[in-house]
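Reader: I'd like a close look at a single part of this one: how the helices pack against each other. Could you walk me through it in one go?

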Amino acid sequence: MRRFKWTDKYRIGIEEIDHQHMEIFDAINKLYEHLTSSSGDNSGFETVLLKLKKYIDNHFSTEMKYFVIFNYHNLSHHNKEHQQFSEKIMSYCNMDILSNKDKHDLYYILETWFEKHILNSDMDFRDSISFNNK
Ligand SMILES: [Fe+2]
Ligand SMILES: [Fe+2]
């Protein structure tokens, strides 16, 4: 388990998307702090999770807006990745009580999915724009 650190390798080059990715990283890091807090205070975890879910849904809508603007050839596949991930996160939001194991499992999903999705799928979108503009 690790904290997310923003670096240029995550930069898409569309300010609105980059800003939202940073916002999502910040919220994931807040969850990390709750999970690793020495006081063992996890009470705010659910609140941060709901906020993160909002950021994520808003972010996926924003990306969809750009996909349409740029007539992105991989729109439906990319959108499917978003939907599946969103449903997975929703299932955690809907749990009445999150055990410590649930929280760690969720964190693992967040940390691995975003890294992979930004570096592969979001970058695929970025590459398709630069290709079109050549
Ligand atoms: Fe993204
Ligand atoms: Fe995406």
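**Helix packing around α2**

Author: Let's start with the first pair: the axes of α1 and α2 lie 10 Å apart and meet at an angle of about 160 degrees. That angle is over 145 degrees, so α1 runs roughly antiparallel to α2. The crossing of the two, α1 and α2, is left-handed. Keep in mind that this is a predicted model.

Who makes the contact? On the α1 side there are E16, I17, Q20, E23, I24, A27, I28, K30, L31 and H34. Facing them from α2 are F45, V48, L49, K51, L52, Y55, I56, H59, T62, E63 and Y66. Sorted by class, this contact of α1 with α2 has 12 nonpolar, four polar and five charged residues.

Now for the other partner of α2. Helix α3 covers residues 75–93, and it packs with α2 at an angle of about 170 degrees, the axes being 11 Å apart. α2 and α3 are therefore roughly antiparallel to each other as well. Here α2 puts in L49, L50, K53, I56, D57, F60, M64 and F67. From α3 come L75, H78, N79, H82, S86, I89, M90, Y92 and C93. The class count for the contact of α2 with α3 is 11 nonpolar, four polar and two charged residues.

L49 is worth a pause. L49 is listed in the contact of α2 with α1, and L49 also appears in the contact of α2 with α3. Setting aside residues up to four places away in sequence, L49 touches L31, Y92 and C93. I56 is another residue of α2 named in the contact with α1 and in the one with α3.

That brings us to the core. In soluble globular proteins, nonpolar side chains tend to be buried together. The largest nonpolar core in this model has nine residues: A27, I28, L31, F45, L49, L52, I56, L106 and L110. At least two of them come from each of α1 (15–36), α2 (45–69) and α4 (100–132). α2 gives the largest share, four residues.

Next, a few residues on these helices that are not fully buried. F60 sits in α2, and F60 counts as partly exposed because 18 other C-beta atoms lie within 10 Å, where 20 or more would make a residue buried. Leaving out neighbours within four places in sequence, F60 is in contact with H82 and S86, both of which are among the α3 residues in the contact with α2. From F60 to I97 is 37 residues in sequence, and their C-alpha atoms are 27 Å apart.

Over on α1 we find F25. F25 is partly exposed because its count is 19 C-beta neighbours inside 10 Å. Not counting residues up to four places away in sequence, F25 touches F4 and W6. F25 and L75 are 50 residues apart in sequence, with 24 Å from C-alpha to C-alpha.

E33 is also in α1. With 13 C-beta neighbours inside 10 Å, E33 is partly exposed too; the exposed class takes 12 or fewer. R3 is 30 residues away from E33 along the chain, yet the two C-alpha atoms are separated by 8.5 Å.

Last stop: the loop between α2 and α3, which holds N71. N71 counts as exposed because it has 10 C-beta neighbours inside 10 Å. Most residues other than glycine have a negative phi, and most peptide bonds are trans. Phi of N71, though, is positive, near 50 degrees.

Terms used. Residues are numbered from 1 along each chain as its sequence is written. Chains are lettered from A and ligands numbered from 1 in the order in which they are written. This is a predicted model: local features need pLDDT of at least 70, side-chain atom pairs count only at pLDDT 80 or more; totals for chains, interfaces and linings use all residues. A nonpolar core is a set of buried Ala, Val, Leu, Ile, Met, Phe, Trp, Tyr and Cys residues joined through C-beta atoms within 7 Å. Two residues are in contact if their C-beta atoms, placed from the backbone, lie within 7 Å. Axes are lines fitted to C-alpha atoms, for helices over the stretch in contact, and angles run from 0 to 180 degrees between N-to-C directions. Angles under 35 degrees count as roughly parallel, over 145 as roughly antiparallel, 65 to 115 as roughly perpendicular and the rest as oblique. A crossing is left-handed if the near helix is turned anticlockwise from the far one by less than a right angle, and right-handed if clockwise. Ala, Val, Leu, Ile, Met, Phe, Trp, Tyr, Cys and Pro count as nonpolar, Asp, Glu, Lys and Arg as charged, and the others, Gly among them, as polar.
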